[in-house]
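Colleague: Please take one part of this model and give me a close look at its packing. Then work outwards to whatever else is worth describing, with cut-offs for the terms you use.

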Amino acid sequence: MRIPNILSGKGPFFDALVYVARTTLPPRAELSKLLDRIYETRWVTNFGELHNELESKVAKESGARYAVLCANGTLALYALLKTLDFKGDVLTTPFTFPATVHSIVMAGARPVFCDIDPDDYSLDPAEVARKIGPETSAVLGVHVYGNVCDVDALDAAASPRGVPVVYDSAHAFKGEFNGRRVGSFGRAEVFSFHATKLFTTIEGGAVVTNDESIRRGVRHLINFGIKDEESVVAVGLNAKMSEFHAAVGLLNIKETDRILEKLRTLADIYRGRLERVPGIKLQKIRPGSTPTNQYMSVEIIAEDFGMDRDSLYLALKSENIVARKYFYPPAHKYECYKNESFSRVSLPNAERAAAGILCLPIYYTLDEKSVEGVCDIIASLRANAADVKKKLSSAR
Ligand SMILES: *Cc1c(COP(=O)(O)O)cnc(C)c1O
């Protein structure tokens with residue numbers, strides 16, 4: 001077994017940095033052909049033909065009647081929440097990317113954090129049932145890492161009170177639950193097509209829904225609130241997707257099945273190799289869920305692994321592996337919310353997950369051999385944990 005570089009000093013395992021994600025770019029020649037079309041028409045933004053074509057493809061792939069493409073996922077979330085006119089509390093998870101919670105606050109509502117399930121890391125429906133009340137205007141769930149959250153239980157907790165459930169589905173494009181596509185759950189779902197996501201338009205996002213009034217509202221909001229030439233019906237913003245972004249999307253969306261298959265292959269290798277390593281806990285995939293494997297998480301149980309998450313992060317870095325601490329800190333610990341009453345909550349499961357989880361490299365162009373390499377390194381770090389820990393504490 002190879003001695004970790006942090007101990008041997010013989011050099012990193014990987015010659016170049018291996019990141020947690022890498023952008024899927026379409027073949028240049030094909031992109032060039034689509035760009036020719038844009039150059040001919042000179043229609044570069046404002047709901048052009050490529051935009052419209054991509055919009056119907058996104059709707060089709062998500063099993064929803066309507067899609068509204070947006071400039072990014074954050075503005076899509078904001079536009080959705082604004083359209084639904086949530087004014088009271090929005091029950092949500094602290095174990096997510098900042099955009100989820102910021103969009104609630106920016107839309108003028110108050111986030112109320114519910115703790116997560118300790119095994120799949122998504123919103124715990126029992127917590128939602130406990131915290132739901134007359135002030136609750138919505139529930140916002142997140143399909144963490146691409147594993148569909150407990151949509152049925154969340155619906156059961158919210159529906160009897162007439163509270164709508166919506167989803168931040170940034171990780172879950174083309175994920176499924178019991179054969180049903182992500183995009184068709186709750187009142188509406190929101191995708192991100194950011195450069196790091198499995199289906200990307202570079203920057204981009206979408207709201208998908210079966211509700212025509214939501215479609216209309218979001219569409220107005222992302223175009224300055226303009227309804228027609230002579231009426232402005234909402235305090236809107238500019239969050240349209242350009243033709244150039246749509247062109248990248250039209251080529252990438254054709255690849256999504258191949259991307260998902262590759263991510264599944266890589267995740268299977270990781271899972272097969274790492275589930276046997278003491279001190280490593282893998283995300284529980286709910287029966288019936290077909291995850292996207294947008295992210296590959298490992299939770300480090302320090303007592304059994306021999307070192308904590310932050311030590312593993314540093315040891316991997318010295319092998320040129322750039323793992324990410326998604327999602328640390330949890331949202332109720334953000335500096336920007338430290339004076340807000342909603343941040344003064346104790347959420348032990350979310351805090352434990354945020355302190356213990358590391359996301360490992362997984363993306364379309366990553367090869368199986370590299371994943372085996374990452375697993376070898378993790379096994380060797382576990383075997384040499386005492387020495388690694390000593391080395392790191394003397395370096396501090
Ligand atoms: C990426 C991401 C977003 C933000 O999407 P952008 O397109 O980058 O604005 C929102 N929520 C989650 C969970 C994400 O991972």
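Modeller: The buried residues of α13 pack against three elements, β14 (296-300), α12 (309-317) and β15 (357-360). This is a predicted model, in which local features need pLDDT of at least 70 and side-chain atom pairs count only at pLDDT 80 or more, while totals for chains, interfaces and linings use all residues. Residues are numbered from 1 along each chain as its sequence is written, and side-chain values use heavy atoms, with hydrogens and water left out.

Helix α13 covers residues 348-356, and its buried residues are N349, A350, A353, A354 and G356. Buried means under 20% relative accessible area, exposed over 50%, and partly exposed in between (1.4 Å probe, protein chains only). Contact, the basis for packing and touching, means heavy atoms within 4.5 Å. Helices (H or I, at least four residues) and strands (E, at least two) are DSSP runs, numbered from the N terminus.

Two of those partners, β14 and β15, belong to an open sheet of three strands in the order β12-β14-β15, with antiparallel pairing. The edges are β12 (280-282) and β15; each has a single partner strand, so one side of each is left without a neighbour in the sheet. From one strand to the next the twist averages 35°. Strands count as paired if DSSP finds at least two bridges between them; β12 and β14 are joined by three, running antiparallel. In that pair I280 stands opposite I300 of β14. Helix α10 (residues 256-274) packs on this sheet and touches β12, β14 and β15, its direction making about 20° with that of β14. α12 also packs on the sheet, touching β14 and β15, and its direction makes about 25° with that of β15. For these angles, axes are lines fitted to C-alpha atoms, for helices over the stretch in contact, and values run from 0 to 180 degrees between N-to-C directions.

There is another sheet to describe. It is open, has seven strands in the order β1-β9-β8-β5-β4-β2-β3, and its pairing is mixed. β1 (66-70) and β3 (110-113) stand at its edges with a single partner strand each, so one side of each has no neighbour in the sheet. The twist here averages 25° from one strand to the next. Strand β2 (residues 89-92) runs parallel to β3, joined to that strand by four bridges, and D89 has R110 as its bridge partner in β3. Helix α7 (residues 151-158) packs on the sheet, touching β4 (136-142) and β5 (165-168), and its direction makes about 145° with that of β5. Helix α8 (residues 212-221) packs on it too, touching β1, β8 (188-192) and β9 (205-209), at about 15° to the direction of β1.

Within this sheet, β8 is mostly covered, five of its five residues being buried. A188, V190 and S192 lie on one side and E189 and F191 on the other. β5 and β8 run parallel and share three bridges, with Y167 opposite E189. β8 and β9 pair in the antiparallel sense over five bridges, and F191 stands opposite A206 in β9.

The loop between β8 and β9 holds K197. K197 is buried, with a relative accessible area of 13%. Not counting residues up to four places away in sequence, K197 touches A170, H171, S192, Q294 and Y295.

K197 also leads to the ligand. 14 residues surround the ligand, the closest being T74, D168, H171, S192 and K197; a residue is near a molecule or strand if one of its heavy atoms lies within 4 Å of it. An N or O atom in the side chain of H171 is 2.7 Å from an oxygen atom of the ligand, and the side chain of S192 likewise places an N or O atom 2.7 Å from a ligand oxygen atom. A backbone N or O atom of G73 lies 2.8 Å from an oxygen atom of the ligand. The protein buries 93% of the 380 Å² that the ligand exposes when taken alone. Accessible areas come from the Shrake-Rupley method with a 1.4 Å probe, and for residues only the protein chains shown count as cover.

How values were computed
A polar contact is a pair of N or O atoms within 3.5 Å; within protein, one must be able to donate a hydrogen and the other to accept it, and residues adjacent in sequence count only if both atoms are side-chain atoms.
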